[in-house]
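Please open the model in your viewer with the whole chain in view, and keep a selection panel at hand. The tour goes from the overall form to single residues.

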Amino acid sequence: SESGREGDKLAYLGLTAVDGDVVNAPVITDFPVAIECSVVDSMLNGSHEMFAGKIEVIHADEELVNDEGKLDMSGADLI
């Protein structure tokens with residue numbers, strides 16, 4: 001748990017990020033699935049703030065998308 005101000009955490013971990021297609025946030029390309037979401041609401045919950053989001057774009061490796069264009073995680077090498 002180090003601050004990102006002190007260095008580039010993604011580079012330290014060997015990860016690559018690119019600009020999102022829709023949302024102004026990075027997408028890590030090393031993961032089999034990445035989801036771009038926009039914030040539609042937020043709620044204060046005691047000492048925390050909870051955000052509600054809308055899925056804008058799902059990026060997925062080709063082998064995880066079936067013939068109907070739907071995400072199929074059965075081929076993923078999950079922990």
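With the whole chain of this predicted model selected, begin with its spread: the radius of gyration of the protein is 16 Å, whereas a compact globule of 79 residues would have one near 12 Å. Turned along the principal axes, the C-alpha atoms fill a box of roughly 45 × 30 × 25 Å. If you colour by accessibility, 10% of the 79 residues count as buried, and the accessible surface comes to about 6700 Å², with 51% of that area belonging to carbon and sulfur atoms.

Next, switch to a cartoon and follow the chain from its start. One helix and four strands are present, and along the sequence they follow the pattern α-β-β-β-β. A display of contacts adds to this picture: among those between residues at least 6 apart in sequence, 21% join residues at least 24 apart.

Now select the charged side chains. The protein has 4 positive and 17 negative charges, and the mean positions of these two sets are 9 Å apart.

Move then to Gly 14, which you will find in the loop that leads from helix H1 (9-13) to strand E1 (17-19). Is Gly 14 buried or exposed? Gly 14 counts as exposed because its relative accessibility is 53%, and the cut-off for that class is over 50%. Add Asp 30 to the selection and draw a distance between the two C-alpha atoms: although 16 residues separate Gly 14 and Asp 30 along the chain, these atoms lie 9.0 Å from each other.

The next selection is the pair formed by strand E3 (residues 33-45) and strand E4 (residues 48-60), which run antiparallel to each other and are joined over 12 bridges. Within this pair, pick Glu 36 and look across to E4, where Val 57 stands opposite. Following the chain to the turn, you reach the two residues between E3 and E4 that complete the hairpin, and there Gly 46 has a positive phi of about 70°.

End the tour at Met 43, whose place is in strand E3. Met 43 counts as partly exposed because its relative accessibility is 34%, which falls between the 20% and 50% cut-offs. Which residues does Met 43 contact, leaving aside its neighbours within four places in sequence? Select His 48, Glu 49, Met 50 and Ala 52 together with Met 43, and the contacts of Met 43 beyond those neighbours are on display.

Note on methods:
Residues numbered from 1 in each chain as written. Predicted model: local features only at pLDDT ≥ 70, side-chain atom pairs only at ≥ 80, totals over all residues. Heavy atoms only, no water. Rg over C-alpha atoms; globule rule 2.2 N^0.38 Å. Buried < 20%, exposed > 50% of the residue type's maximum accessible area, 1.4 Å probe, protein only. Contact = heavy atoms within 4.5 Å. Areas by Shrake-Rupley, 256 points an atom, 1.4 Å probe, with all protein chains shown as cover. Lys, Arg positive; Asp, Glu negative; His and termini not counted. Charge placed at Lys NZ, Arg CZ, Asp CG, Glu CD. Pairing = 2+ DSSP bridges.
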